[in-house]
Every structure is written in structure tokens, then in C-alpha cells.
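Biologist: Could you take me through this structure one feature at a time? Please give the general idea before each case.

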Number of protein chains: 2
Amino acid sequence: MLSFAEENYLKTIYHLSLGGEKNVSTNAIADTLNTKPASVTDMIRKLSKKSVINYKRYRGVEISEDGKKEALKVIRKHRLWEVFLVEKLKFSWDEVHVVAEQLEHIKSPLLIKRLDEFLGFPKFDPHGDPIPDENGEILNKPKVALSKLEVNEQGIVVAVKDSSSLFLQYLDKIGAYLGAKIKVNDRIAFDGSLEITIDNKKTVFISKEVAENILVTD
Amino acid sequence: MLSFAEENYLKTIYHLSLGGEKNVSTNAIADTLNTKPASVTDMIRKLSKKSVINYKRYRGVEISEDGKKEALKVIRKHRLWEVFLVEKLKFSWDEVHVVAEQLEHIKSPLLIKRLDEFLGFPKFDPHGDPIPDENGEILNKPKVALSKLEVNEQGIVVAVKDSSSLFLQYLDKIGAYLGAKIKVNDRIAFDGSLEITIDNKKTVFISKEVAENILVTD
DNA sequence: ATTAATATTTAGTCTTATCTAAAAATATTT
DNA sequence: AAATATTTTTAGATAAGACTAAATATTAAT
């Protein structure tokens, strides 16, 4: 059984290992967890002993199959709780993360089974990220940045790259909710900004940077 | 801010201080928490420094006003989560406690406010214990053991003294749910057992011991 | 009122998770 | 390829929460 801290490290390693390189560096882990590299080395030892990661000194870590399973369990819990908070308790997009960080560590398989049922077996969390099933399988539709669409193409908002409060609040303000349909009307050659129409109602301009941080599918 | 462990100690001290003596002994705390007296002394020091209890060496502890408030906050969370588990997630009486022990430590005032709303501002938990409000106020109807009723009197099941799984499962079996109306038909002089009718439907015999562990109000 | 029994505290140790400072290994630059 | 910079690890400390064993207070019993 993993401790809270161990679960957090493992989750971080899993997330980092999705971003390119398969070997995750000590510093990268320390940075995302706001701890010191020395602490990371200590924890890595423990996780390695529990064989949820593979580790060679000075060579970074690779998550094992077992570790991936454990990480996905935590991520499943996190995302299910986020759905609960938004759909049942009327939390806004940007308020859920901190609370879900705590709830994800509650140990009770029955609780998660029943929560899943209660929520109607959701497949995506409020940020549009897929919820792993009990076996750790993830449904993965191809996602593309809004900035990559051609003029007159459209897509459904399914996720964001930047999930800072500031960004999510901005999206709320312009009405670019999860599930919103966005059509690209025009691309301004000067700065790459876009004129878009949201849900066939509102037409706004967004910067290139914003468009790069909104992910859509068709 | 109190840690998980500190919250658990404080909750225990609060509960113990309701049972008669105002000064709670080191051993009593150790017994209910399944720790050793030496560990209790250590923790008592910490809690005393945070002024949630008053402590004099060898004289046991008394919970302070601040401490009472903190304890009631935790108890409020515990009982609200129990309502959620039973009413929304279809947990049975005897499954909720262990999970609520974990959920009660989640730190988010907003979460509890919204949960309370979502549940319709319940006043009692599934065991019939009152839920403190945001200010720590408890609604307290006088409760009496079923064994104390006269023949032909009746009452509503509002709580149990023994909340072990075995007992709760037995109550479920005979249909003596929270809120059930129980009428005492007869008292057997030989062993003090009772013949009762539950919800005007089912008539069963229960032992004196069982009757002493069911609490009712009128 | 001593003695015996019980309760409580102290002293010292362990584990988990963190830190700082220094040493060692790896990467990068010139 | 030697020198420099960066990354990672080691060594040693600290704080929380728990433990055992021994010492000290308090309470009960003769």
C-alpha cells in the first residue's frame, strides 16, 4: 500500500513520462512537486524498492507496469471526484483541483465504484481529460490545439493545456466551456490571433497563445 | 491548522469528555485510539501547546472551548459524509464508518458547505446522531434506551449505542432501521426480553441486551 | 501510614518525509 | 580533451508520530 506522498510522486512521474522522454529526471520531479532533488532521490529509492519504478543511479527513472497501474488508479479517483465536485456540488472549473488532490488519496475501492455509478460512468473530467476505467484503460480521442484548425473548421473543446485559474476563468468569461463548439472564422495573419464563434452564438477574438492552449476534437 | 492525527486525538477527547468526568485520562485515550499511553502523553503536549486542551501533568486533560469547536467541525464533516455515503452512494449502515474516518479530514470549507446543501441540510446522520451546524451547535432531542419503555409505549429509532458491524447488520435484518417506529407489546419477566412491532408490520422478539443498545425518542 | 497496584511520564529509538551542504557523476563548452 | 557547469547523490539534521522500557506519581489496600 502506498502512502499519500508515494502516490503523489508516482502520479507526477507518470505525468512527466507522458511528455516525451521515457526517463524522468530527478530535477523535473523536484520542480513539479516543489521539493528538493535530494528528497526526490530518497523517495525514488523507496518507490524502486516497491518496484513501481525502475531506477539506475544518475539515469533518471522509468515507471513500471505496476507503477502505471497504481498511478492510473489515483488519476481515476482524482478525475471522478472532479466530476462530482463540478456536477453535483457546483464547483467551478478552477476550484476543483485543490480539493481533488486531497480526495484522490481516500482508500476505498467500494467508494470509487459507487461514485462512478452515481455519476453515470463519466468518461471525461471537467477539464476534458479522460477518466481511466477500473483496469487503467484510457479512452483517447485525438486532440488538437485550436490554433491548428483551418479557417472555417470547427471542433469541440475537450481539454486545456494550461489549467491555471487565470486561464480557466478567462475561458469561463468568454463562454468557452468544456463541450462548447468552436468555429474558426478568420485567422489574422499579423499575430496569428483567431476570430471564433462559440456555440453558434458569441463571436470573439482570441490570441494565438490562447488558441494554442485550447484542445479540441471533431 | 491541525494534522490528521491531531484531529483524531481531539475528536476522541471530545467524545470521552461527554461520558461523565470532565477530565479525560491518558489511558482512556490510548485505549480508544489503540495507541500506547506514552504516545498519548506526547500528543497531549502538542495539543496543549495549541491550546485546544488544558493539561496538568498526571491530572488528565480537559477540552478547551477552541478545542470543542475544532472537534465539532470534524464531527460535522464525518456525519455529513456518512449521510452522503448512505443516501447517495447506497452504502449500508455498517460500511460507512471506516470511509467517513478518512473523508472527515479533507480540508475545504467550501466542500462541506456545498455538501450540506446538496444533502438538503440534514440534521442527523445515518446512526441517528445529530449533525453539528457550522457554528458547532447540536440539536439534542432526549434519547432513551428502548429497554426503558413501558409496555404499549412506542418510539422512533434515532441512534444505537453499540455501532459494531455485527449489531448494525442484525438491526438491518429485523428491519429496525433509523426512523423505524417501534412499539413495545410485551416484556418477558423471565429475562427482560421484549416483543416489539416494527413499523406496524413485523413483530419480533429482541433480547434485553439488544433493547439496551437501541435508542429512541418520541 | 506503609505497601502494593495502577497510571502517567520520561528517555531513548524508529520510520517517514523533508531539508541543507558537500561530494560525486554526467554534460557542455571552449 | 580539459575545464566548467549542471545534475544527482550522499551525509547528516529535523519534525511528526509512534514504540519499548524504565522511572516517577497517584490511588487503593492492608
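Modeller: Two terms come first. A residue is near a molecule or strand if one of its heavy atoms lies within 4 Å of it. Helices (H or I, at least four residues) and strands (E, at least two) are DSSP runs, numbered from the N terminus. This is a predicted model, where local features need pLDDT of at least 70, side-chain atom pairs count only at pLDDT 80 or more, and totals for chains, interfaces and linings use all residues. Residues are numbered from 1 along each chain as its sequence is written, chains are lettered from A and ligands numbered from 1 in the order in which they are written, and side-chain values use heavy atoms, with hydrogens and water left out.

Biologist: Which elements each supply at least two residues of the surface near DNA strand D?

Modeller: From chain A they are α2 (26-33) and α3 (37-49), and from chain B α1 (4-18) and α3 (37-49). The largest share, five residues, is that of α3(B).

Biologist: Which residues come nearest to DNA strand D?

Modeller: There are 23 residues around the strand, and Asn27(A), Arg45(A), Tyr55(A), Ser3(B) and Ser39(B) come nearest. Of the strand's atoms within 4 Å of the protein, 82% belong to sugar or phosphate, the rest to bases.

Biologist: How should I read a polar contact with the strand?

Modeller: A polar contact is a pair of N or O atoms within 3.5 Å; within protein, one must be able to donate a hydrogen and the other to accept it, and residues adjacent in sequence count only if both atoms are side-chain atoms. Here a side-chain N or O atom of Thr41(A) is 3.0 Å from a phosphate oxygen of DNA strand D. For Tyr9(B), the corresponding distance to a phosphate oxygen is 3.4 Å. Arg59(B) has a polar side-chain atom 3.1 Å from a sugar or linking oxygen of the strand.

Biologist: How many residues does each chain give to the contact between chain B and chain A?

Modeller: Contact means heavy atoms within 4.5 Å. Chain B gives 21 residues and chain A gives 21 residues.

Biologist: What area do the two chains bury between them?

Modeller: Buried area is the accessible area (1.4 Å probe) that two parts lose on being put together, summed over both. For chain B and chain A the value is about 1700 Å², with 75% of it on carbon and sulfur atoms. On the chain B side, Leu89(B), Gln102(B) and Arg114(B) lose the most area to chain A, together 29% of what that side buries.

Biologist: How many residue pairs are in polar contact across that interface?

Modeller: The rule finds six, both residues at pLDDT 80 or more.
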